[in-house]
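These are notes on the model you sent round, set out as numbered points. They start with the charged pairs and end with single residues.

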Amino acid sequence: SMPSFEVVRCCECAAFQVTQQKKRPVFACVLCGTKQKMLRTYKAGTAPECRAVVQQLNAARGAIEEQEFQAIAAEDERSAWSQPEDAQSRHESRAGAQAG
């Protein structure tokens, strides 16, 4: 019989990956090496089926992380522009006076 595979997610780095079904529900993450119990199976099937699902899930995860990063970067840029330049330089000179 063909070996069965599962799509699992790492509890540490959150990467989706394919693992072969075993009697004991444990695996080590292929990316960060964390040994862990399988808490949830996202898909079970053949290796190619599971690989396709892993690619979709990790691509979606990457897109979400990129959106979050862009939102944080935009927020940082807005807050930097909203501070008047002279207020920022006054703060820096005060910090320098306290240090000395």
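1. A salt bridge here is a side-chain nitrogen of Lys or Arg within 4 Å of a carboxyl oxygen of Asp or Glu. The model is a predicted one, and the distances below are computed from it. By that cut-off, Arg78 and Glu75 form a salt bridge through their side chains, with 2.7 Å from N to O. The two residues sit three positions apart in helix H1, so about one helical turn separates Arg78 from Glu75. Glu75 is partly exposed, at 40% relative accessibility.

2. How many salt bridges does a search of the whole structure find? It finds two. Besides the pair in point 1, the side chains of Glu65 and Arg61 meet at 3.5 Å, N to O. Glu65 and Arg61 both belong to helix H1, which covers residues 47-82, and lie four residues apart, about one turn of the helix. Buried or exposed, where does Arg61 fall? Arg61 has 18% relative accessibility, and buried means under 20%, so Arg61 counts as buried. Glu65, at 42%, counts as partly exposed. As general background, side chains of opposite charge can pair when their charged atoms come close.

3. On the overall layout, the protein has two helices and five strands. Read from the N terminus, the order of the elements is β-β-β-β-β-α-α. Of the 100 residues in the protein, 19% are buried. The accessible surface is about 7700 Å², and carbon and sulfur atoms account for 55% of that surface. Among contacts with a separation of 6 or more, 43% are between residues 24 or more positions apart.

4. Which residues make up the largest nonpolar core? There are seven: Phe5, Val7, Phe16, Ala47, Cys50, Val53 and Val54. Strand E1 (5-9) and helix H1 each supply at least two residues of this core. Helix H1 gives the most, with four residues. In soluble globular proteins, nonpolar side chains tend to be buried together.

5. Phe5, a member of that core, has a long list of partners once neighbours within four places in sequence are set aside. The list runs through Val18, Thr19, Gln20 and Gln21, then Lys43, Ala44, Gly45, Thr46, Ala47 and Cys50. Of these partners, Ala47 and Cys50 are also named in the core.

6. The aromatic pair count is one. Phe16 and Tyr42 form the pair, edge-to-face, with 5.0 Å between the centres and 90° between the planes. Why does this pair tie together separate parts of the chain? Phe16 lies in strand E2 (residues 16-20) and Tyr42 in the loop between strand E4 (35-37) and strand E5 (43-45), so the pair joins parts 26 residues apart in sequence. Phe16 is buried, at 8% relative accessibility, whereas Tyr42 is partly exposed, at 30%.

7. Two further residues of strand E2 deserve a look. Gln17 is in strand E2 and is buried, with a relative accessible area of 4%. The side chain of Gln17 reaches the backbone oxygen of Ala15 at 3.3 Å. Beyond four places in sequence, Gln17 is in contact with Glu6, Val7, Val8, Cys10, Phe27, Ala28, Cys29, Val30 and Val54. Val18, also in strand E2, is partly exposed, at 27% relative accessibility. Leaving out residues up to four places away, Val18 touches Phe5, Glu6, Cys50, Arg51 and Val54. Val18 and Thr41 are 23 residues apart in sequence, with their C-alpha atoms 9.9 Å apart.

8. The last point concerns Thr34, in the loop between strand E3 (26-28) and strand E4. Thr34 is partly exposed, with a relative accessible area of 22%. From Thr34 to Glu12, the C-alpha to C-alpha distance is 6.9 Å across 22 residues of sequence. Outside its neighbours within four places, Thr34 is in contact with Cys10, Cys11, Glu12, Phe27, Ala28 and Cys29.

Notes. Residues numbered from 1 in each chain as written. Predicted model: local features only at pLDDT ≥ 70, side-chain atom pairs only at ≥ 80, totals over all residues. Heavy atoms only, no water. Phe/Tyr/Trp six-rings, centres within 6.5 Å; stacked < 30°, edge-to-face > 60°. Buried < 20%, exposed > 50% of the residue type's maximum accessible area, 1.4 Å probe, protein only. Contact = heavy atoms within 4.5 Å. Areas by Shrake-Rupley, 256 points an atom, 1.4 Å probe, with all protein chains shown as cover. Core = buried A, V, L, I, M, F, W, Y, C linked by side-chain atoms within 4.5 Å. Polar contact = N/O pair within 3.5 Å; in protein donor to acceptor, adjacent residues only side chain to side chain.
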